Amino acid sequence: MLKINNLHAGVEGKEILKGIGIEVNAGEIHAIMGPNGSGKSTLSSVIAGKEEFEVTEGNIVFEGEDLDELSPEERAHKGIFLSFQYPVEIPGVSVTNFMKTAINETRKAQGLEEMPASEMLKKIREKSELLEIDRKFLSRSLNEGFSGGEKKRNEIFQMAMLEPRLAILDETDSGLDIDALRIVANGVNRLRSKDNAVVLITHYQRLLDYIIPDFVHVLLDGKIVKSGGAELAHELEEKGYDWIKQEKVSN
Amino acid sequence: MGYTEEELKKELETKEYEYGFYTDIESDTFPVGLNEDIVRAISRKKEEPEWMTEWRVEAFRAWEQMIEPEWANVTYKKPDFQNISYYSAPKKKDKYNSLDEVDPELLETFNKLGISLDEQKKLAGVAIDVVMDSVSVATTFKKTLAEKGIIFCSISEAIKEHPELVKKYIGSVVPQKDNFYAALNSAVFSDGSFCYIPKGVRCPMELSTYFRINEAGTGQFERTLVIADKGSYVSYLEGCTAPMRDENQLHAAVVELIALDDAEIKYSTVQNWFPGGKDGKGGVYNFVTKRGLCETNAKISWTQVETGSAITWKYPSCVLKGDNSVGEFYSIAVTNNYQQADTGTKMIHLGKNTKSTIISKGISAGKSQNSYRGLVQVNSRAENARNFSQCDSLLMGNNCGAHTFPYIEAKNKTAQIEHEATTSKIGEDQIFYCNQRGIDTEKAIALIVNGFSKEVLNKLPMEFAVEAQKLLEISLEGSVG
Ligand SMILES: Nc1ncnc2c1ncn2[C@@H]1O[C@H](COP(=O)(O)OP(=O)(O)OP(=O)(O)O)[C@@H](O)[C@H]1O
Ligand SMILES: [Mg+2]
């Protein structure tokens, strides 16, 4: 589904991603871990098409198509979703209105009619129940004055509404309390299918207790330096990153 | 025919009608230039009574002594007042034979606004072959109003049919000598609307100039007079969301509102005159004087969405004369390309316990300049006056400007005046966030701008609000890239 080949990308001449290769197939869950500043958010932004970053080498192929020429919204229309590490505020635009616009713009791009209001309402009800979100919350301005945890939960609500093929969750677990973590993880699991895939960016094992990854990758200074199964996350939790750094040096 | 009020409202909503009051003037145009003879000739053409003629002449004499103001934060080439024709009968002849002859860009905008074909023809000045059931609707409409004693007609008609009301109130809020453009308007006003709501009557529908305005063009010097008698209520809509192409470069209108004891007037405007090209060429100069007077317990709300004109100079104001009276001003002003807007309000607190609210949202894009200018004045006898002002500016790009000029003059110690101002920029992060959710940049900006303007949009009557939103979208089109 997603194939990243020798991806080099940076900003203003500074290289941040230094040759990344990952392959994600439908039905799989991948976790990406790595120290602060190693390039995790940059990778997700580049996949989503943020223009600030320049791809200098390599490419990203999604469903057999090179993403290079596609705008961020076109990538979204193809089913790529990014749960932001730092969701932005849009004053005066309610969560509901924002979602309505997002869904209908996507449908328009796919040549479909606007979603009928009744269907939209039903969907909103269903997904807000799944994520235990108070309906009052949905009429508030998007992310404005939301607590850290509320913002993250709202990202997952949006994911649930948009039903993407590929969801990249950038530190969605950070800032969630224990109950919220369970609710969000449960939400993600419920939305899993053999047709979609999830990439989890996280610092902590605890999220991976709920959402068990098929693969774990370690990103260090813009490169994937180690990949493994779910057990790798446990090892990292226990030992930190130093041993990998050393392993890399001795290689 | 027997329309029910509900049916009538529906009909009004579909807007496929015209009110059908015209001014009967033969078609001819005066030579350019302005002098006392021209002013008298205008009055004669319109068959006005002598008092009206003298009133105009008095205004003209005052205007001759006045100098064009320069304090607004706008720059432009001053109009040559001797090079304008001050009387031109409405064009009876259709400009085009079919829509094919009309500027495609104009039609494109009509389509975006969702304006029906027939209406498009009417707006663009195309001969209409489909005869709409307009006369009967207009008649029924007038009948409903007449049953309640409401007068809604052109000001020319009012001068003839209701001279006692016009004589009493015209110039009572905006005196002839008030300012340069008001004096000019008083001398040469072409036409406009008149509305009177009798004591205790609640006007059952939104009164609108929507259609009439497109009919013949408003002329350069429009005059509006709205009188809400004791305990009455009226909501009045001015303007049109369709783009107006007008050869007249200068527009100097005067609007006077009078809210007697316990009355309420809601006055909503959508202004969308031709803003000039992307290169800053052409466009309308819009110099308007709008003012309302509130007697005891009365309330006046001005709501405006200003997206048009090359230069706008406009300060809808409230004189809070009566005790406990309330003045409100809600404004969205959008400037793009080379547009310049200097707009705001004046709240003059004279009575006790008077209250005013000002919410101003300025949106600037391109190379435009957008200024808010507001005065809150509390008279020495106005005990417990209160004002709340909030002025927010939204900038798009680095080449535009937003300016705020709040003036506060409080001569009574009990006054409570609060002023808040914010300036923000549409961030790339906000746009990327929207893009990531499948919303393209143009739409993202519309969404962000609508969110920013929400408090004001919410004050507009429903259908007007929907159109105003589309209008915001259209006027900001191509502002990023
Ligand atoms: N726009 C930018 N301009 C300059 N440097 C940037 C920019 N964006 C990211 N960087 C740098 O690139 C590196 C990687 O940043 P990134 O946000 O991808 O890290 P991360 O792995 O997500 O870290 P964290 O775990 O703290 O979220 C950092 O050194 C960061 O300062
Ligand atoms: Mg990060």
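A student and a tutor talk through chain B and its interface with chain A.

Tutor: This is a predicted model, where local features need pLDDT of at least 70, side-chain atom pairs count only at pLDDT 80 or more, and totals for chains, interfaces and linings use all residues. Residues are numbered from 1 along each chain as its sequence is written, chains are lettered from A and ligands numbered from 1 in the order in which they are written, and side-chain values use heavy atoms, leaving out hydrogens and water.

Student: Why is B:Gln339 called buried?

Tutor: Buried means under 20% relative accessible area, exposed over 50%, partly exposed in between (1.4 Å probe, protein chains only). B:Gln339 has 6%, so it counts as buried. You'll find B:Gln339 in the loop between strand E13 (326-335) and strand E14 (340-349) of chain B.

Student: Okay, and how do you know which residues B:Gln339 is in contact with?

Tutor: Contact means heavy atoms within 4.5 Å. Leaving aside neighbours within four places in sequence, B:Gln339 has partners including B:Pro275, B:Thr307 and B:Ser368.

Student: What makes the link from the side chain of B:Gln339 to the backbone oxygen of B:Thr307 a polar contact?

Tutor: The rule asks for a pair of N or O atoms within 3.5 Å; within protein, one must be able to donate a hydrogen and the other to accept it, and residues adjacent in sequence count only if both atoms are side-chain atoms. Here the backbone oxygen of B:Thr307 lies 3.0 Å from a polar atom of that side chain. The side chain also reaches the backbone nitrogen of B:Asn336, at 2.9 Å.

Student: Over to the interface: what makes A:Glu155 and B:Arg437 a salt bridge?

Tutor: You need a side-chain nitrogen of Lys or Arg within 4 Å of a carboxyl oxygen of Asp or Glu. For A:Glu155 and B:Arg437, the closest N and O atoms are 2.6 Å apart, and the pair forms a salt bridge. The count between chain B and chain A is two salt bridges.

Student: How do you put a number on the area buried between chain B and chain A?

Tutor: Take the accessible area (1.4 Å probe) that two parts lose on being put together, summed over both. For chain B and chain A that gives about 2,100 Å², with carbon and sulfur atoms giving 65%. B:Phe432, B:Tyr433 and B:Arg437 supply 37% of the area that chain B buries against chain A, more than any other three residues.

Student: And how many residues does each chain bring to the contact?

Tutor: Chain B gives 18 residues and chain A gives 30 residues.

Conventions: Helices (H or I, at least four residues) and strands (E, at least two) are DSSP runs, numbered from the N terminus.
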